[in-house]
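Reader: I am new to this structure and would like a close look at a single part of it. Please take one helix, say what becomes of its residues, and then follow its surroundings outward.

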Amino acid sequence: MSTTTRFTAVLHDWAETFMHRSMGDFVQFSKDSGLSMTQINALMHLYHRGACGVSDIGSHLGVTNAAASQMIDRLVGLGYLERSEAPHDRRVRQITVSDRGRRLIEDGIAARRRWMEELTTALSPREQELIINALTLLTRAARHLEPASPEALPRA
């Protein structure tokens, strides 16, 4: 088997393992919070992007403004989001994550990081160093292949 074939197979295996765990954690986080995955996605978007309007949230989620507004109403009612006037135009309403919403998202991020930290205990310092070097190269190559886009993925 060629190095390229082995590399692709190992990379695919890692991505599948990581995504399985990450998505499993995300689904469990959603269930534990009592929110839908769409609601969590909206909170994450606002957490990473900052204040925005209903149409931006709807566009991000791929739903109508009416559906986004309805979901926002529910999240405001639950205390996860807040509405305020935009400083440049009082007619424009800005949506932001409340302190309660921020804590919820930060708890989810912390849970995800705990799994990654646990993973390090399964590796020797030498293995960790090898992986640091390999992932640094891999990340650099992947970023080089990304098209220039103002909509960068959130890093958590």
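Author: In helix 1 of this predicted model, the buried residues are F18, S22, F29, S30 and S33. Helix 2 and helix 5 are among the parts that cover them. The helix itself has 31 residues, running from 3 to 33. From the first C-alpha to the last it reaches 44 Å, close to the 45 Å expected at 1.5 Å a residue.

The spacing of some of these positions can be read against a general rule. An α-helix has 3.6 residues a turn, so residues three or four places apart point the same way. F18 and S22 are both on the buried list, and so are F29 and S33, because buried here means under 20% relative accessible area.

S30 is one member of helix 1 that can be followed in detail. S30 counts as buried because its relative accessibility is 5%, where the limit is 20%. Leaving aside neighbours within four places in sequence, S30 is in contact with L35, S36, M37 and I40. Just after helix 1 comes G34, which takes a positive phi of about 80°.

Helix 1 also has a side that meets the surface. F7, L11, W14 and L119 form a nonpolar patch there, with about 350 Å² of accessible area together. Helix 1 gives the most to this patch, with 3 residues. W14 is found in helix 1, and it is partly exposed because its relative accessible area is 39%, between the limits of 20% and 50%.

From the covering helices one can go on to the largest nonpolar core. This core has 20 residues, and those that touch the most other members are L35, L43, L46, I57, L75, L81 and L104. At least two core residues come from each of helix 2 (37–49), helix 3 (54–61), helix 4 (65–77), strand 2 (89–97) and helix 5 (99–121). Helix 2 gives the most to the core, with 5 residues. L35, which S30 contacts, is on the list of core residues with the most contacts to other members.

L81 shows how the core draws on several parts of the chain. Apart from neighbours within four places in sequence, L81 is in contact with L43, L46, I72, L75, V76, I95, T96, V97 and S98.

Helix 5, one of the covers of helix 1, contains G101. G101 counts as buried because its relative accessibility is 0%. Its C-alpha atom is separated by 7.0 Å from that of L43, although the two residues are 58 apart along the chain. Not counting residues up to four places away in sequence, G101 touches G79 and Y80.

G79 is found in the loop between helix 4 and strand 1. G79 counts as partly exposed because its relative accessibility is 26%. Setting aside its neighbours within four places in sequence, G79 is in contact with S98, R100 and G101. Between the C-alpha atoms of G79 and G34 there are 13 Å, with their positions 45 residues apart along the chain.

Helix 2, the other cover named above, is followed by the loop to helix 3, where C52 lies. C52 counts as buried because its relative accessibility is 3%. Beyond its neighbours within four places in sequence, C52 is in contact with H45, L46, I57, R93, Q94 and I95. The C-alpha atoms of C52 and R93 are separated by 8.3 Å, and the residues are 41 apart along the chain.

Charged pairs complete the surroundings. The structure holds 2 salt bridges. Side chains of opposite charge can pair when their charged atoms come close. R49 forms a salt bridge with D56, with the closest N and O atoms 3.4 Å apart. R49 is partly exposed because its relative accessible area is 47%, and D56 is partly exposed because its value is 25%. D73 and R83 also meet in a salt bridge, at 2.0 Å from N to O. This pair links distant parts of the chain, with D73 in helix 4 and R83 in strand 1 (residues 81–86), 10 residues apart. D73 counts as partly exposed because its relative accessibility is 40%, and R83 because its relative accessibility is 31%.

Definitions and conventions: Residues are numbered from 1 along each chain as its sequence is written. This is a predicted model: local features need pLDDT of at least 70, side-chain atom pairs count only at pLDDT 80 or more; totals for chains, interfaces and linings use all residues. Side-chain values use heavy atoms; hydrogens and water are left out. Patches are made of residues with over 30% relative accessible area and no salt bridge: like charges are joined within 9 Å, nonpolar side chains (Val, Leu, Ile, Met, Phe, Trp, Tyr) within 5 Å. Accessible areas come from the Shrake-Rupley method with a 1.4 Å probe; for residues, only the protein chains shown count as cover. A salt bridge is a side-chain nitrogen of Lys or Arg within 4 Å of a carboxyl oxygen of Asp or Glu. Helices (H or I, at least four residues) and strands (E, at least two) are DSSP runs, numbered from the N terminus. Buried means under 20% relative accessible area, exposed over 50%, partly exposed in between (1.4 Å probe, protein chains only). A nonpolar core is a set of buried Ala, Val, Leu, Ile, Met, Phe, Trp, Tyr and Cys residues joined through side-chain atoms within 4.5 Å. Contact means heavy atoms within 4.5 Å. The expected span of a helix is 1.5 Å times one less than its number of residues.
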